[in-house]
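Work through the following exercises with the sequence and the model side by side, and try each task before you read its solution.

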Amino acid sequence: PSSAPPSQGPVFGPRLRRWGLPWLLALGALANLAYPMYVHFDFSHSPDTRSYLRMAAGRFDSIRVTHRYRVLVPAAVAVVAAPIAKVYGRVWPQRPVGQWPLRFAFYLVNCLLLAAAGACWFNAARLAGAAPAAAALAMLAVLTSRWAEYAAGLPLTDSLYLLVFGLSYYAVQRGPHGKWALVVALILGPLAKESFVFLVPWLFWFGRPTLAWPKQLLSLATGVTALLVVHYFVDAQIGASATQAVSNAFEHIENITYSLHRAASPKGIGELLSIFGLFTVIIPVAYWLQNRYRNSPTTAFHASLGWADLGLLAVVAIHMLLSGDLGRMGYLAAPVFCSALALVFTHWRRLVRL
């Protein structure tokens, strides 16, 4: 009828629904999960967190060469902490000002960055063929990992590196329309972590349909140049030799033997299984079901996961071997695990009816 009100469009635009809503969902979950870690963590047992707190305070002396050039997150924390420090004591008078504003700023910045990584996982799972609700549920499941709680609640820089992995995986899944994510990953990657060098070949090979090699090289050159500038200014401030970073990189090779022995031990196996907790069991069970009933429609539940996913898992394995920290580095596989879990959740009705 003519008196009917004109039809209105959706409240949220397509881009906001794809990115804003999953980001807010991830942010809400992380803010709840990581808050106790931020408040109650015993920093006396973690030299890494103390190093990043000193960096956020502008002190680079006595910082291990492994950490001193990862300046993006500490710099962002310093900016966020400046206004917080003026009111922190009034809100929480029982806590001495000291490092509490910096710790709170790390909590805020890391939650924001890791939530952005979660939004990348969500969108990559959707591109793999998962339903929206299944992708959201899988994203939340992956964020329940203790390593997400550590990355969001503590003064660490893992959140940025997880975002780089999330952007990289999304860009490869998205194709030409995801070139912006690949460019951002190539620029931020060298500054996020030195071991990004192991992700570069994967990006160059599987990212070819997304962005041509010359443009990938240009983006990577921008990130490497920024890293060299950071090296120059940090080394000049503390009087360090430029060769320290090179020798430190070779020292990580010694961790391979230790990592292999640890992964083969009962404790190491438990650490690997605990990366994603009980959700880890769902993937092999679903895989067994779909192989047992090859003629059923469930055989398509992981059809979108292929060589790119296996290649990314190989890159994660290299990180685990060189680091020696199996669980923490294993969490870098979150994009692939989220997509696989989301596909299982999408087809769960067919699986349980077999």
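**Exercise 1. Find the loop in which Ser62 is found, and decide whether Ser62 is buried or exposed.**

Solution. Begin with the helices, which are DSSP runs of H or I with at least four residues, just as strands are runs of E with at least two, both numbered from the N terminus. Ser62 is found in the loop between α2 (47–56) and α3 (72–91). Next, take the accessible area, where buried means under 20% relative accessible area, exposed over 50% and partly exposed in between, with a 1.4 Å probe and protein chains only. Ser62 has a relative accessible area of 60%, and therefore counts as exposed. Finally, look at the backbone: phi of Ser62 is near 65°, a positive value in a residue other than glycine.

This is a predicted model, in which local features need pLDDT of at least 70 and side-chain atom pairs count only at pLDDT 80 or more, while totals for chains, interfaces and linings use all residues. Residues are numbered from 1 along each chain as its sequence is written, and side-chain values use heavy atoms, with hydrogens and water left out.

**Exercise 2. State how many helices and strands the protein has, and what share of its residues count as buried.**

Solution. The protein has 18 helices and 0 strands. Of its 354 residues, 49% count as buried. As for confidence, pLDDT is the predictor's confidence in each residue, from 0 to 100; its mean over the protein is 87, and 87% of the residues reach 70 or more.

**Exercise 3. Determine which helix gives the most residues to the largest nonpolar core.**

Solution. A nonpolar core is a set of buried Ala, Val, Leu, Ile, Met, Phe, Trp, Tyr and Cys residues joined through side-chain atoms within 4.5 Å. The largest one has 108 residues, and among those that touch the most other members are Leu114, Trp121 and Tyr331. Helix α4 (residues 100–127) gives the most to this core, with 18 residues. For one member in detail, use contacts, meaning heavy atoms within 4.5 Å: leaving out residues up to four places away in sequence, Leu114 touches several residues, including Leu30, Leu143 and Leu162.

**Exercise 4. Describe the largest cavity, its volume and its lining.**

Solution. On a 1 Å grid over the protein atoms alone, a cavity is a set of points where a 1.4 Å probe fits but cannot get out, whereas a pocket is an open set with protein on both sides within 12 Å along at least five of seven lines; lining residues have an atom within 4 Å of a point. Points are joined across faces, edges and corners, and a volume is the space filled by probe spheres set on them. The count comes to 1 cavity of 30 Å³ or more, and the largest cavity holds about 120 Å³. Of its 15 lining residues, the closest to the centre are Asp158, Leu162, Arg328, Met329 and Leu332. Two or more lining residues come from each of α6 (146–153), α7 (158–174) and α16 (326–330).

**Exercise 5. Place Gly327 in its helix and list its contacts.**

Solution. Gly327 lies in helix α16, and its relative accessible area of 0% is the reason why Gly327 counts as buried. Beyond its neighbours within four places in sequence, Gly327 is in contact with Trp147, Glu271 and Ile275. The C-alpha atoms of Gly327 and Gly270 are separated by 9.5 Å, although these residues are 57 apart along the chain.
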